[in-house]
Amino acid sequence: MKLYIASRIPESVLERLKGYDYSYHDSDIPLTKEEIIERLSGKEALICPLSDKIDAEIMDRASDLKIILNYGAGFDNIDIDYAKEKGIVVCNAPAPSSAVSTAELTFLLMLAQSRRLLEAEKDLKSGGFRGWRPTYFLGRELRGKTLGIFGMGNIGKNLAKRALAFEMDVIYHSRHRKDDIEQLGARYVDFDALLAESDYISLHSAFAPELKHRFDADAFAAMKKTAVFINAARGPLIDEAALADALEKGEIAGAALDVYEFEPKVTEALLDMDNVTLAPHLGNATVEARLEMGNACVDNLEDFMRGEKPRNQVN
C-alpha cells in the first residue's frame, strides 16, 4: 500500500511504518491544498494532521485513496460523509494522555493569566524591573475562586480535579451530568449560572454546528467584569470579534486562548492586548500524547491492512 504522510511525525512512529511504501513531508510547514492533491496521486493511504482540510475536491482528485488516518482525536477537518460516499475509510487517533496534557495546558493558561506572568516578563525584559515592590504586578490567587467548566468530558474532568486540588470551587455545564466529578465536589449549573458565577470560564466541549458562537456578545456581557475567559477546545465555539470587543470595553478582565475561530489566523485586536494570553494550539502538544496519537494511526492502518475494521474508524 502506498502511503503519504503530510506532516512531520515522531521518529518512533515513523519507525513503525518502515515496511510501507511511503512518501513523507518532513516539515511542520503546512502543505497547500494543491500540494496535497499533487502528492496524493497514486497514494492509497494518507496520514494528515487535523489542521489539513480534506474536502470533497481532494478526495475526488485522489482517485486511489482508500483510507485517511487523521493524526489527532478530532476529525472535523475531514468531510467524513463524503468520504463514506466514496468508500474511503476515515480514522481518528485518540490518545489517553491528550486529556491530561490539555488540562495541564489549560491550568498553565489560567495561572499565567491570574498572576499576569507574560505582562511581568515583558516589563522585566524591557528594563522595568527595579526590585521587589509591594504593588508591582499584583495578581490574584486561584484559591477560593470559582472555575466554570463548559463541557465535562475527559479534559474537563482532569481540569476539575486540578482546580479542586488548588482549593477552587468548581461548577460546570454539560449535556449530561457527571456523578463521578460531582462526588469530588463539582456542582452542575445551568448555562446562565455558569456565566454569572464564574471567576474563570474554561471551554472543553466538542464542536457541533449548534454550538457555533455559543459564547457571543450576550454571553460575555453576562459574565463578571473580573472574569477570565479560557478556550482550549474549539475556536468556533466563540465569536472572537465579540470577545475582543468585550475585552476592549472592560466587560471581562482577561482571556487566554489556545484555539482560534479562523485558525491559524488570530483576530488582530487580540494580539496587542496585555490582558490576553495566546498559545499556538499547544493543548496536547506533549511527547506522551503525540506518540499515542501516532501509534493509534499505525494501529488503524495495520487493522485495515489485515482486512479488519480499524479500531478508530469514525465513518
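**Helix α5, its neighbours and a pocket**

The largest share of the lining of the second largest pocket comes from α6, which gives 4 residues. I start there, and then move to a helix that also takes part in this pocket. Please keep in mind that this is a predicted model.

First, the pocket. How much space lies in the second largest pocket? About 540 Å³. Its lining has 27 residues, and Q113, R116, E119, A253 and N275 are the closest to the centre. Four elements give two or more residues to that lining: α5, α6 (117-125), α12 (268-271) and β12 (276-278). As for character, the lining residues divide into 12 nonpolar, 7 polar and 8 charged. In general, empty space is found by rolling a probe the size of a water molecule over the atoms.

One of those central residues needs a remark. R116 sits in the loop between α5 and α6. Its phi is near 55°, which is a positive value in a residue other than glycine.

There is one more backbone detail, in the loop that leads to α12. The residue to look for is P264, found between β11 (254-257) and α12. Which form does the peptide bond from E263 to P264 take, cis or trans? That bond is cis, with omega near 10°.

Now to α5 itself, which covers residues 96-114. I will take two of its packing partners in turn.

The first partner is helix α7, residues 154-165. The two helices pack at an angle of about 50°, and their axes are 8 Å apart. Because of that angle, α5 counts as oblique to α7. The crossing of this pair is right-handed. On the α5 side, the contact is made by A99, V100, T102, A103, E104, T106, F107 and M110. On the α7 side, the residues are N154, I155, N158, L159, R162 and A163. Sorted by type, the residues of this contact give 8 nonpolar, 4 polar and 2 charged.

The second partner is helix α13, residues 287-305. Here the angle with α5 is about 150°, and the axes are 8 Å apart. Why is this pair called roughly antiparallel? Angles over 145 degrees count that way, so α5 is roughly antiparallel to α13. The crossing of α5 and α13 is left-handed. From α5, the residues that meet α13 are P96, S97, S98 and S101. From α13, they are E288, A289, E292 and M293. This contact divides into 3 nonpolar, 3 polar and 2 charged residues.

To sum up, α5 packs against α7 in a right-handed crossing and against α13 in a left-handed one. It also gives two or more residues to the lining of the second largest pocket.

Note on methods. Residues are numbered from 1 along each chain as its sequence is written. This is a predicted model: local features need pLDDT of at least 70, side-chain atom pairs count only at pLDDT 80 or more; totals for chains, interfaces and linings use all residues. Side-chain values use heavy atoms; hydrogens and water are left out. Axes are lines fitted to C-alpha atoms, for helices over the stretch in contact, and angles run from 0 to 180 degrees between N-to-C directions. Angles under 35 degrees count as roughly parallel, over 145 as roughly antiparallel, 65 to 115 as roughly perpendicular and the rest as oblique. A crossing is left-handed if the near helix is turned anticlockwise from the far one by less than a right angle, and right-handed if clockwise. Contact means heavy atoms within 4.5 Å. Ala, Val, Leu, Ile, Met, Phe, Trp, Tyr, Cys and Pro count as nonpolar, Asp, Glu, Lys and Arg as charged, and the others, Gly among them, as polar. On a 1 Å grid over the protein atoms alone, a cavity is a set of points where a 1.4 Å probe fits but cannot get out, and a pocket is an open set with protein on both sides within 12 Å along at least five of seven lines; lining residues have an atom within 4 Å of a point. Grid points are joined across faces, edges and corners, and a volume is the space filled by probe spheres set on the points.
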